[in-house]
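Let's take a walk through a protein model together, one piece at a time. Have the picture open and turn it as you read.

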Number of protein chains: 2
Amino acid sequence: MLAGQNLYTACTIGNDTIMPRERTPRSPISSIDVARLAGVSQSAVSRSFSPGGSVSPAMREKVLAAAAVLGYRPNLIPRIMLSGRSRMIGVVVGGLDNPFYAAVLDHFAVVLRAVGLQVLLVQVPDALALDGALDQLAGYRVDAVVTALAVGTRQAATALSDLRIPIVCFNSRLTAPWISTVRSDNRAAGQAAAHLLADRGARRTAWLAGPRDSAATRARARGFLDGLAARALPAPVVIVGQDTYHDGYAAVRDLLRGHRPPEAFFCSNDMMACGAIDALRAHGLTVPGDVRVVGYDNIPQAAWHGYDLTSFDQQVDRMAEAALDLLTSALADPATAAKGRTRTVPARLVERGSTAPQAR
Amino acid sequence: MLAGQNLYTACTIGNDTIMPRERTPRSPISSIDVARLAGVSQSAVSRSFSPGGSVSPAMREKVLAAAAVLGYRPNLIPRIMLSGRSRMIGVVVGGLDNPFYAAVLDHFAVVLRAVGLQVLLVQVPDALALDGALDQLAGYRVDAVVTALAVGTRQAATALSDLRIPIVCFNSRLTAPWISTVRSDNRAAGQAAAHLLADRGARRTAWLAGPRDSAATRARARGFLDGLAARALPAPVVIVGQDTYHDGYAAVRDLLRGHRPPEAFFCSNDMMACGAIDALRAHGLTVPGDVRVVGYDNIPQAAWHGYDLTSFDQQVDRMAEAALDLLTSALADPATAAKGRTRTVPARLVERGSTAPQAR
């Protein structure tokens, strides 16, 4: 801890304005500039920067030294044109206000960059807007597309398939020629949620569903119903939201008006589960004392002390690796790309305070 | 609300598997394919897809019809090569686990796409990793770079400036040839925080600072100290975190051990403010009853009922528009690009329950 007055010193650490060496306003350094400085031909510069290019070690050294002085970076565009491979992957996401999708994008950017692939980001409000975005992607000749956006309509699926490049979907049930899917084992997780809540003594449960057109929420529901049936428990009360915190809050608040509270909630995602917990507390109920809550996604907020939410971790790092594996084999072999495949990654149960086995 | 059993029906709505028409595994539709189907030359196809291309209306109609049948999208790569303009903007972000940065990226993707520019995403763990990423950006001949990552070192600034394309930084104090900055009016917001807390009767305050190398956190601190001084209040206790929820929680927990709690906290961002609130509650204190809390960023969690946090909204939409404006004028006129400029956007105070003027 510092005394307040010392802070003025800390505030002026470093230069507010950094002035690198002045430049005249013109375009980036070209291979001609490098050739001139190195005293070699432009073709020698080009060969020095091509993997396996025919150039003597001495010549390459001279070129690289000149390039370093000038800050030259080789232009990849001619190579893209000749090879037909841009080494760019189109990554389609919906709103990044859901921390789960932000995490998916984060992991993707890391695994793709590690193998020298770039992310051309496509942010669209919903699957209906995908068509216009695909025109752009196709124009840039992306090598493949990864979509974290739920693609539920035949029209969007056809548009993706028509690109005739490998497509990998996240948490979709879509498979088709050129389209593969990586998904969380939503159904098994739903069953596990039912068994956990049954183990905690809950009999009257509620299922807080996500959007009806999402294959993921449907599979979670199916698993939950299966698990409750296996434990001879009654079917849950069902309420529905659109996956946001405020939907979860409103759905639970409305349910509690004039109804006896369920003993436990399974929520289709963590955002809605956080909303559910706040609505339960606003109603004077405690979590887990009166009501137990389980979410899905294991977003950072699930670990915040105010929620301490039991959740299913989709293991996004493993899903991203699986997607990369599908992409790289599809890029290496077009015959593979033409057959859609599915990879299922198990969800890991992370137990926290919201389902603690405390005395009631 | 639906009865549980009806859910099985809802679960099977829609097809799990969509099978678009089969395709042979080969590369995307080319202009040659379109020319063949339309019975015209390849050059006629090319001219039909070039803005202002010399082609008769009848010919263009024939070409567009054939293109629609085949799902053809014109290749933009040759145009990039000829014009030297990729219409791609490199967008550099750090970890997207901070909802503020996710929102910045979200807004950027929207405003850039609205003017036909694409986002080439560069996710780097910190400014030190920027150098390697810049090589890739330069290779793709991005037209400009926007960085939401704090660029605090001379080395990173020089590397950016050396690209000799327009650069726009977010919340940096950096200006240099080729580098412009859009920033929140951090200092004025810090002053406003001091006045708000003074109005609520707080005398003993604490400042929860972010990373020392961040110009934004330093400017917020300076404003807060100015504001407290203007109200003849003592300097705040200063504690420091690295901008995460868990940093905020730990810093406040540690402060409360053996110290009399301050009457109010101003936190450098909302993530730390949420951690601060949970630490205060774990210590048996109420917000705003015992302690009042102000954050910065107005992330979605600030509006969650569990936090109900007063915060400063940076108005990311306005910052993104300002950045786009700097970029487009720099792209239109290299002489402008060579001079760094600064735009300051006022932060909007959003008052919520954490600073409510209730009886103490």
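**A guided walk**

At 30% relative accessibility, B:R343 counts as partly exposed (buried means under 20% relative accessible area, exposed over 50%, and partly exposed in between, with a 1.4 Å probe and protein chains only). Its salt-bridge partner is B:D325, and the closest N and O atoms are 2.9 Å apart. A salt bridge here is a side-chain nitrogen of Lys or Arg within 4 Å of a carboxyl oxygen of Asp or Glu. This pair ties together distant parts of the chain: B:R343 sits in strand 11 of chain B and B:D325 in helix 13 (residues 316–332) of chain B, 18 residues apart. B:D325 is partly exposed too, with a relative accessible area of 37%.

A quick word on ground rules. This is a predicted model, where local features need pLDDT of at least 70 and side-chain atom pairs count only at pLDDT 80 or more, while totals for chains, interfaces and linings use all residues. Residues are numbered from 1 along each chain as its sequence is written, chains are lettered from A and ligands numbered from 1 in the order in which they are written, and side-chain values use heavy atoms, leaving out hydrogens and water. Helices (H or I, at least four residues) and strands (E, at least two) are DSSP runs, numbered from the N terminus.

Now find the open sheet of twelve strands, with mixed pairing. Its order is 11(A)-5(A)-4(A)-3(A)-1(A)-2(A)-2(B)-1(B)-3(B)-4(B)-5(B)-11(B). Two strands pair if DSSP finds at least two bridges between them. Which strands form the edges? They are strand 11 (342–345) of chain A and strand 11 (342–345) of chain B, each pairing on one side only. From one strand to the next, the twist averages 20 degrees (axes are lines fitted to C-alpha atoms, for helices over the stretch in contact, and angles run from 0 to 180 degrees between N-to-C directions). Inside this sheet, strand 1 (residues 88–93) of chain A runs parallel to strand 3 (residues 144–147) of chain A, and four bridges join the two. There you can spot A:I89 standing opposite A:A144.

Next, head for strand 8 (residues 264–267) of chain A, which is covered on both faces. In a regular strand, side chains alternate between the two faces of the sheet. Here A:A264 and A:F266 are on one side, A:F265 and A:C267 are on the other, and all are buried. What does strand 8 of chain A pair with? Four bridges join it in parallel to strand 6 (residues 205–209) of chain A, with A:F265 as the bridge partner of A:A206. Strand 9 (residues 292–294) of chain A also pairs with strand 8 of chain A in the parallel sense, over three bridges, and there A:A264 has A:R292 as its bridge partner. Strand 8, helix 12 (residues 270–282) and strand 9 of chain A make a right-handed β-α-β unit. Right-handed means that, with the strands pointing away from you, the path from the first strand over the helix to the second runs clockwise.

Back to charges. How many salt bridges does the structure hold? Over all chains, there are 16. One of them joins A:R200 and A:E351, with the closest N and O atoms 2.9 Å apart. A:R200 is in the loop between helix 9 (186–199) and strand 6 of chain A, while A:E351 is in the segment after strand 12 (348–350) of chain A, 151 residues apart. A:E351 is partly exposed, at 46% relative accessible area. Another salt bridge brings A:E263 and A:R204 together (3.9 Å, N to O). A:R253, A:D254 and A:R257 go further and are linked in a network of salt bridges.

Let's finish with two buried residues. A:S31, in helix 2 (residues 31–38) of chain A, is buried at 14% relative accessible area. Its side chain makes a polar contact of 3.0 Å with that of A:Q42 (a polar contact is a pair of N or O atoms within 3.5 Å; within protein, one must be able to donate a hydrogen and the other to accept it, and residues adjacent in sequence count only if both atoms are side-chain atoms). A:D313, in strand 10 (residues 311–313) of chain A, counts as buried at 15% relative accessibility. The side chains of A:D313 and A:N298 make a polar contact too (3.0 Å).
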